[in-house]
Amino acid sequence: MADELTRRARRIAEFIEPLRVPPGEKVDLGRDFDPRYKAGIKKKTDGQRLLREGVDMLAELQRRLAADGTRGVLLCLQALDAGGKDGTIRHVMTGVNPQGVHVAGFKVPSPEELAHDYLWRYANRLPRRGEIGIFNRSQYEEVLVVRVHPELLDRQRLPDPGGHKSVWKRRYRQINDWERYLTENGYSVVKVFLNLSKEEQRTRFLKRIDVPERNWKFSAADVRERAHWDDYQRAFSEMLSATSTRWAPWYVVPADRKWFARVCAAAVLVHTLIEIDPRYPDVGEAARRELAQAREQLVKEAPAGAPPDPYASSADAERRRKR
Ligand code: ATP
Ligand code: MG
């Protein structure tokens, strides 16, 4: 059993390795990452089986994370429009206890948010110990959309308004430091970029227009943003190169096939939790004695004709049935 788990853990680590941006390495999205890569998995159904496996592991690991209550996980999800963030969250988190997961989405900042330092709103939505937090868009918007549209920076009322040039480097450092601080305080930070091709984005936009049930998902602003495609690719490449760190790595997940992106995102999360290796707490000798006493008491309270411990009886029967 333990061997099987070790084998799985190793398989998952190998599976996600090519997606990880090596810390300190300068990457170029267009050159280094293929949105259509699928790791040799031939059929979508094979991918779906893998996803089910990942989701089951995630559910068990999350139960342990919650029981242990000392560590937390933050998954930052970034993508261009129609990259599949919502679907990924929905599929990867099925089966996980909703009480143990918190999803926080980040849109254009409100006046209240703009009245604070730029990391304030992200810090406000961090997971608690024992929880998995998912950021649907994240602190990285501050070096992506804000970089592509520098006029957004003016609204942030920084002390050095002339400093557009140096601001991105400074922000990379600040974000790395912040993530390191979180890591050192018991939170694993892991980052996933859903890497969509320009042609697949066009197809998905058209689908949103052509299928009436999807019209609500379409926004004309998305097509306007698409005009900045090359600027975004550059901003992403630079950001990935500067902020994939030993303590909080980036994974570039090929996103042209939704099923594959979901398998990858689940694998990254499972890998992160395996590394944490959360355990159910051992209740200790005194608590075990208390449990035994409570059990004795409850067994004595069995009404006439009822089994003294209905749970133990049915568990026994189940074991016999399985034999
Ligand atoms: P969906 O379209 O799937 O519902 P979404 O995450 O794209 O989800 P939208 O309301 O469409 O949500 O878009 C949110 C917008 O807010 C994005 O265009 C994003 O770039 C923008 N945004 C996020 N953070 C910031 C920021 N700090 N400054 C300016 N714009 C931001
Ligand atoms: Mg949108």
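**Helix crossings, a sheet and two domains**

Mentor: Let's start with a pair of helices: α4 (residues 85–92) and α13 pack at about 60 degrees, their axes 9 Å apart. Bear in mind that this is a predicted model, where local features need pLDDT of at least 70 and side-chain atom pairs pLDDT 80 or more, while totals for chains, interfaces and linings use all residues. Residues are numbered from 1 along each chain as its sequence is written, chains are lettered from A and ligands numbered from 1 in written order, and side-chain values use heavy atoms, without hydrogens or water.

Trainee: How do you know what counts as a helix or a strand?

Mentor: Both are DSSP runs numbered from the N terminus: H or I over at least four residues for a helix, E over at least two for a strand. Axes are lines fitted to C-alpha atoms, for helices over the stretch in contact, and angles run from 0 to 180 degrees between N-to-C directions.

Trainee: Why are α4 and α13 called oblique?

Mentor: Under 35 degrees is roughly parallel, over 145 roughly antiparallel, 65 to 115 roughly perpendicular, and the rest oblique. Theirs is about 60 degrees, so α4 and α13 are oblique to each other.

Trainee: What is the handedness of the crossing of α4 and α13?

Mentor: Right-handed. That word applies if the near helix is turned clockwise from the far one by less than a right angle; anticlockwise makes a crossing left-handed.

Trainee: What makes up the contact?

Mentor: Contact means heavy atoms within 4.5 Å. From α4 come G87, T88, H91 and V92, and from α13 come R262, A265, A266 and L269. The classes in the contact of α4 with α13 are four nonpolar, three polar and one charged. Here Ala, Val, Leu, Ile, Met, Phe, Trp, Tyr, Cys and Pro are nonpolar, Asp, Glu, Lys and Arg charged, and the others, including Gly, polar.

Trainee: What about α3 and α13: at what angle do their axes cross?

Mentor: Roughly 30 degrees, with the axes of α3 (residues 44–68) and α13 (residues 258–276) coming within 9 Å. That makes α3 roughly parallel to α13. The crossing of α3 and α13 is left-handed. By class, the contact of α3 with α13 has 14 nonpolar, two polar and two charged residues.

Trainee: And why isn't the pair α1 and α13 put down as parallel?

Mentor: Helix α1 (residues 2–16) packs on α13 at about 125 degrees, with the axes 9 Å apart. That makes α1 oblique to α13. The crossing of α1 and α13 is left-handed. On the α1 side the contact uses A9, I12, A13, F15 and I16; on the α13 side the residues include F260, V263 and H271. The contact of α1 with α13 has 12 nonpolar residues, one polar and no charged.

Trainee: On to the sheet: what is the strand order?

Mentor: The open sheet of five strands runs β2-β3-β1-β4-β5, with parallel pairing.

Trainee: What makes β2 and β5 edge strands?

Mentor: β2 (101–105) and β5 (250–254) each pair on one side only. The twist averages 20 degrees from one strand to the next.

Trainee: How do you know that β4 and β5 pair?

Mentor: Pairing takes at least two DSSP bridges. Strand β4 (residues 187–195) has five bridges to β5, so the definition is met. K191 stands opposite W250 in β5.

Trainee: What makes R137 and D277 unusual?

Mentor: Most residues other than glycine have a negative phi. R137 has a positive phi of about 70 degrees, in the loop between β3 (132–136) and α7 (145–148). D277 has a positive phi of about 55 degrees and is found in the loop between α13 and α14 (285–300).

Trainee: How is the chain divided?

Mentor: Into domain 1 (2–276) and domain 2 (285–322), with bounds from an automatic or database domain assignment. Their C-alpha centres lie 46 Å apart.
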